[in-house]
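Colleague: Could you take me through the packing in this model, step by step?

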Amino acid sequence: MEPTRFRREVAGWLADNLTGEFAQLRGLGGPGREHEAFDLRLAWECHLAAAGWTCVGWPREFGGRGLSLDEQVAFHEEYAASGAPARVNHIGEQLLGPTLIAFGTPEQRNRFLPKIVAVEELWCQGYSEPGAGSDLAAVSTSAVLRDGEWVLNGQKIWTSLAHVADWCFVVARTEPGSQRHHGLSYLLVPLRQDGVTVRPIQQLTGTSEFNEVFFDDARTSAELVVGEPGDGWKIAMATLGFERGVSTLGQQIGFRRELDDIVAEAQRTGTYDDPLLRTDLTRARIGLRVLRAHALRTLGRPAGPEVAVGKLLWAQWHRGLGELAMRARGARSLTADGGELDDWQRLYLFTRADTIYGGSDEIERNIIAERVLGLPREARP
C-alpha cells in the first residue's frame, strides 16, 4: 500500500477506537509507568489483536500482518503520535516472537505464536542475575534434564513485568562446569508453578514494574529449548538484535512529545528566559533528529557498528532529557507535593536507569569494541 494512504488508515483506526473507556488511556504506561491502568491497557491490547493490529511486522504465515519496513515505521509512528497507551505485550511480540520465527521448531511456533498474536499469554525476559548484571555470559542459573523435563535453579533480577507474565524465556547454564558464553541454553519456562517465586522490586520512583525471580526446582518440558542445548548465547544475542528494531521510531515520537512538553513547561515557569537552557533544549531537538536519522539508516541491516550504537545514543539522550526537565521546572523540581512525584520528577529519576537497563553503557561499549569491531579484549581479573 502507498505509504501516505497506509498512514491515514492507521491514524483513522486509532482515532475511531481510542474512544469511550479507551480514551482515558492516552499517554499512559511505558518505562517507569507500567503500573498505570494495566488491566484496561491489556483490554486495549486485546482490542488491537481482534482488529489485526498486533505483530504487524510478522510474516502472514505466523499470524502477522506482513507489513513492509516502511509500513511498520508508519504504524509505530502513528501509534505513538495518537497518544495510544504503551503496549503490554511488547516482550512477546517484539522479542520472543521474532526469535521463535527465526529459531523455533514448528511445534514451538504453533504452540506459542498464536497466543502472542491474540494477547492470550504475556512474556518476560530472564537474562540478568545478581552476580551478572549486564554481563549475560556470567549467568549461573542452572538447568538439568531429568525425566523429560528441564529442572531450573537460580535467580534472575530486574525482570520487567514478571509479576504479570505467564511465561519467561530464560538463559540458563545447562553444561556443568562451562564458563562464559559456552554451555548456555535458551529455555521457555512457565511462571505460574510452585517452583517459581516472583518478588517485585520497588524503584526510585516508588513503583515496581521489575522483579526478582527465583527458580527452585522449577520445571519446563525438554522440548522447550530454542535451538539446540548449548546454543543459548547465539539465540539470546539474536533476541537482543530484535529488541532494537522498528519500534524505536515510535519510541522517538514519545521522546519528541516529552521534549515539547518540557519546552512548554520552561516557558510557563520562566526558566526559558535562561539562554543556556534554551541552547540545551535546541541541542536536544537536534539530537532527536539525529536519533531518527540513525534509526532509519539502520533499519533491516544486520548487526554492525551502526546498529550496535543505537541504544547508547538514545539512552544518553533520554537521560539528558530528564535533567532538562528538572532545569525547566526550576526550584520546584526539588520538592514533592504531599510526598507524590510529578511527571517530570518521575522522568528524571527513571531516566537514570536508561544507561543501565538493557545493557549498561560500559558493557555495550565493550561488546561493540570486542565483538563488532574486533578490537583486543579489555583486561579482566
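The questions below concern a predicted model and turn to its core, a loop residue and a helix pair.

Colleague: Which helix supplies the largest share of the largest nonpolar core?

Modeller: That core holds 35 residues, and L96, W123, Y127, F169, V171, Y186 and L188 touch the most other members. At least two residues each come from α2, α4, α5, β4, β5 and α6. The largest share, five residues, is supplied by α4.

Colleague: Is V139 buried or exposed?

Modeller: V139 sits in the loop between β1 (123–126) and β2 (142–146). Leaving out residues up to four places away in sequence, V139 touches Y127, E129, A132, K156, V171, R173 and L184. Since buried means under 20% relative accessible area, the value of 2% for V139 places this residue among the buried ones: V139 is buried.

Colleague: Are α10 and α12 roughly parallel or roughly antiparallel to each other?

Modeller: The axes of α10 (residues 310–329) and α12 (residues 361–372) come within 10 Å and cross at roughly 155°. Angles over 145 degrees count as roughly antiparallel, and therefore the relation of α10 to α12 is roughly antiparallel.

Colleague: How many residues in the contact of α10 with α12 are charged?

Modeller: The crossing of these two helices, α10 and α12, is left-handed. On the α10 side the contact is made by K311, L312, A315 and Q316, and on the α12 side by D361, E364, R365 and I368. Divided by character, the residues of this contact of α10 with α12 comprise three nonpolar, one polar and, as the number asked for, four charged.

Notes: Residues numbered from 1 in each chain as written. Predicted model: local features only at pLDDT ≥ 70, side-chain atom pairs only at ≥ 80, totals over all residues. Heavy atoms only, no water. Core = buried A, V, L, I, M, F, W, Y, C linked by side-chain atoms within 4.5 Å. Buried < 20%, exposed > 50% of the residue type's maximum accessible area, 1.4 Å probe, protein only. Helix = DSSP H or I, 4+ residues; strand = E, 2+ residues; numbered from the N terminus. Contact = heavy atoms within 4.5 Å. Axes fitted to C-alpha atoms, helices over the stretch in contact; angles between N-to-C directions. Parallel < 35°, antiparallel > 145°, perpendicular 65-115°, else oblique. Left-handed = near helix turned anticlockwise from the far one by under 90°. Nonpolar A, V, L, I, M, F, W, Y, C, P; charged D, E, K, R; others polar.
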